[in-house]
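User: I'm new to this one and would like a close look at a single part, the second largest pocket. Which residues lie nearest its centre, and what surrounds them?

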Amino acid sequence: MNASVEALGKRAARRVLGLPEWCRLLYLDYRRYRAAGRSVVATVFLSQGFWASCVYRSCHALVDWMPGGLPRAAAKTLAAILQKLIEIVTGICLPRDAEIGGGLYLPSFGAVILGRGSIGENCTIEQNVTLGIAGRGEERGRPTIGNRVFIGAGAMIVGKIMIGDDAYIFPGSVVTRPVPPRAVVIGYPARISSYDGSFDWIVYDEMEHDPQRRESLDKRSSGA
């Protein structure tokens with residue numbers, strides 16, 4: 001990321017101060033596309049992933065803001081319609097009641113199905129990815145994705161498992177077991193090939209100064 005892009009991010013950040021939380025999160029999503037080198041026009045008008053984020057963030061906030069009873073029921077109905085429309089247009093399913101941190105980056109068109117689980121900050125999810133429910137009894141559930149995770153094209157992550165911070169899920173992998181922080185996993189079933197992490201694949205504003213990322217890098221260097 002060059003200096004001019006970073007400076008632009010800082011100036012824009014000052015302009016969003018005081019706006020609602022969902023606007024701040026959507027702005028962080030937008031900045032991921034800009035940090036990846038996309039222009040304003042390409043991000044806003046040509047990036048289906050960003051369209052999906054816009055609908056998800058606004059619907060999530062709308063339903064949470066509405067009081068109970070009929071107003072919330074109406075908001076849920078409107079959100080369901082909007083989300084179905086964006087699924088048809090983009091092929092991307094971001095359930096309104098999922099919990100997704102800021103900086104979500106969906107670089108490619110179509111076939112992204114995310115369940116009603118939790119996804120951390122500054123994650124990248126490529127095309128043809130599924131995060132699904134699996135298991136029985138108390139073990140049944142959906143995956144929880146940590147911060148700064150890269151999920152490659154065609155990957156499938158299912159079950160009540162945790163994907164640790166800075167993990168890299170290799171394209172085409174099928175993950176059914178927990179993945180430690182900074183692990184790189186590959187195959188079917190996925191196995192750990194290294195602990196190099198996703199550091200070379202996740203780009204966002206001022207990442208060099210992110211204390212959590214720096215701490216994770218230090219742990220990788222020390223072999224912790």
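Analyst: Let's start in the middle of that pocket: C93, P95, R96, D97 and R116 lie nearest its centre, out of 20 residues that line it. Keep in mind that this is a predicted model. The volume of the second largest pocket comes to about 290 Å³.

So much for the middle; now for the walls. Three elements, α5 (70-90), β1 (92-93) and β6 (129-132), each put at least two residues into the lining. Helix α5 gives the most, with 7 residues. As for the chemistry, the lining of this pocket splits into 10 nonpolar, 7 charged and 3 polar residues.

Of those contributors, β6 is worth following a bit further, since you can trace its strand partners from here. Strand β3 (residues 112-114) runs parallel to β6, and 3 bridges join them. Within that pairing, L114 stands opposite L131 of β6. Strand β6 also runs parallel to β9 (residues 156-158), again through 3 bridges. L131 turns up here too, with I157 as its bridge partner in β9. If you want one residue to click on, try L131: its partners include L114 and I157.

To sum up the pocket itself, α5 gives the most to the lining, β1 and β6 each supply at least two residues, and residues such as R96 and D97 are among those nearest the centre.

Notes
Residues numbered from 1 in each chain as written. Predicted model: local features only at pLDDT ≥ 70, side-chain atom pairs only at ≥ 80, totals over all residues. Heavy atoms only, no water. 1 Å grid on protein atoms, 1.4 Å probe; cavity = no way out; pocket = protein on both sides within 12 Å on 5 of 7 lines; lining within 4 Å. Points joined across faces, edges and corners; volume = space filled by probe spheres on them. Helix = DSSP H or I, 4+ residues; strand = E, 2+ residues; numbered from the N terminus. Nonpolar A, V, L, I, M, F, W, Y, C, P; charged D, E, K, R; others polar. Pairing = 2+ DSSP bridges.
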